[in-house]
Amino acid sequence: MAKIELTQDQRMAVENRGGSLLVSAAAGSGKTKVLVERLFRYITQEQCAVDDFLIITYTKAAAAELRGKIAAELAKRVAEHPEDAHLRRQMFRVYQADIKTVDAFCTALLRENVYLLPPVEGSSLTPDFRVLDEQEAGILKERVLARVLEDFYAHMDRQGEQLAETLGAGRDDRALESLVLELHRKLQSHPYPLQWLDKVRADWETLPDSLASSPYGQVVMEDAAAKAEFWAMQLEKVAGGIADEAVAAAYGAQLTETAAQLRQFAAARGDWETMARRIPDFPRVKPVRGEHPEKERVKALRDQCKDAVKEMAKPFAVTEEEHLTDLRTMAPAMLALTALTADFARRYQAEKARRNVMDFSDQEHYAIDLLCQADGQPTELARQVAQRYREIMVDEYQDTNEVQNCIFTAISRQGQTLFTVGDVKQSIYRFRLADPTIFLRKYNDYVQTEQAEEGQPRKVLLSQNFRSRQSVLDACNAVFRSIMSRQMG
């Protein structure tokens, strides 16, 4: 058998066992090679079958490509060892193996077990349910929403009146329709959408006494503090590197002072009024006469910082009490919006059940209902499914969301048999509700494989690029080392 040469890190990703494993694989680092080789180590060394594994990808094309690569590698190894009966048997099983998208896995699960789901408003789904395409689902949503809005206007209370007046001035409900549909779409990234909506409603029913205790205030203050720290670092770096004495005399001390003010501003995070008082000012700089090449570079950076601080300071032009008053004023409309969206979600779900159809997000949410108990523990069905597979392998894990993550956890013995590979810098499906922070949380929390104890989640980093020339890598790294940050990416 031809030996595949692996780097030390790749070998760890292929051979490591004993707990959930996350492989953070940079572009061109051989992640598909690692996934395929890991599968074949199981087949050749542990006598597993290719259909003992569930391999998840995020598009049908990627699933077909991966199946083709596994089949090609299998054919190559069978040709090298034609006497190996175990390998030859895999040739007949590779095209029945579970190499599929999340949607395809959920559809198969529901076809077998849909009878376990409780009725929705008296209608039960049957195994011959149909999955709506996006256009069909959109038309059905519009029809259901039209009926929901008719009832909303017919029985409108004070909260509903405020919502209608806020969005359409009582004359046009297109903005309200769009908002309900968009909110409903974003709800689908939560494992339990209506429970999350109930929590939002509870937050609006009991408003905090300070912005530091409100999600809005926390986000604004943390974002402003992070930007301030970024610009403080940039100013300090430039101030310390000015070689021209005239430019240093004109700009150096001021840049350093502005950086100090920005750090004081960031240090006040959590106290709205103190942050408002600590917005840095930018006094005039004394002119630098003559030709000084460094002047334009330093001046340009200072102007960029000034513009960024001006934008950052806008929310702080309004006092904390004024913001809290605005939140209290908005609360009735927000309560009406959450109630309206919940009503739409329930009636849309009931209409789909009546027609024996689902949309794409339904498959995942119904799968959670089958696989997860209320306390988050796996159901008996989930334990049975987990017993089918030696390991759950998830490719492009950076494009998962919390719904899919719940499914993977439930069918992998609470993550013990979960192998995930991806690169957070290649996450491109946020518009489809992918949540790269799931990958990042595990990346930050998991220990290196060499330090992991039995059963402890672990990680391997593949950072060596085999695809591009060194000059290309050096150029890319020079650019992105300067602009990439946790806040940005």
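The legends below describe close-up views of a predicted model.

**View 1. The open sheet of 7 strands.** The strand order is 3-2-6-7-1-9-8, and the pairing is parallel. Strand 3 (98–101) and strand 8 form the edges, each pairing on one side only. Helix 2 (residues 31–45) packs on this sheet and touches strand 1, strand 2 (53–57), strand 6 (391–394), strand 7 (418–422) and strand 9. The direction of helix 2 makes about 165° with that of strand 6.

**View 2. Strand 9 and its two partners.** Strand 9 spans residues 458–462, and 4 of its 5 residues are buried. On one side, strand 1 (residues 21–25) runs parallel to strand 9 and is joined to it by 5 bridges. Within this pairing, Leu461 of strand 9 stands opposite Ser24. Strand 8 (residues 447–448) is also parallel to strand 9, with 2 bridges between them. Here Lys459 in strand 9 is the bridge partner of Gln448.

**View 3. Helix 3 over strands 2 and 3.** Helix 3 covers residues 60–80 and lies across strand 2 and strand 3. Helix 3 runs at about 160° to strand 3, which is an edge strand of the sheet.

**View 4. The cavity and its lining.** The structure holds 1 cavity of 30 Å³ or more. The space in the largest cavity comes to about 40 Å³. Its lining consists of Val114, Leu117, Pro118, Pro119, Val120, Ser123, Ser124, Leu125 and Tyr366. By residue class, the lining has 7 nonpolar and 2 polar residues, and no charged ones.

Key:
Residues numbered from 1 in each chain as written. Predicted model: local features only at pLDDT ≥ 70, side-chain atom pairs only at ≥ 80, totals over all residues. Heavy atoms only, no water. Buried < 20%, exposed > 50% of the residue type's maximum accessible area, 1.4 Å probe, protein only. Helix = DSSP H or I, 4+ residues; strand = E, 2+ residues; numbered from the N terminus. Pairing = 2+ DSSP bridges. 1 Å grid on protein atoms, 1.4 Å probe; cavity = no way out; pocket = protein on both sides within 12 Å on 5 of 7 lines; lining within 4 Å. Points joined across faces, edges and corners; volume = space filled by probe spheres on them. Nonpolar A, V, L, I, M, F, W, Y, C, P; charged D, E, K, R; others polar. Contact = heavy atoms within 4.5 Å. Axes fitted to C-alpha atoms, helices over the stretch in contact; angles between N-to-C directions.
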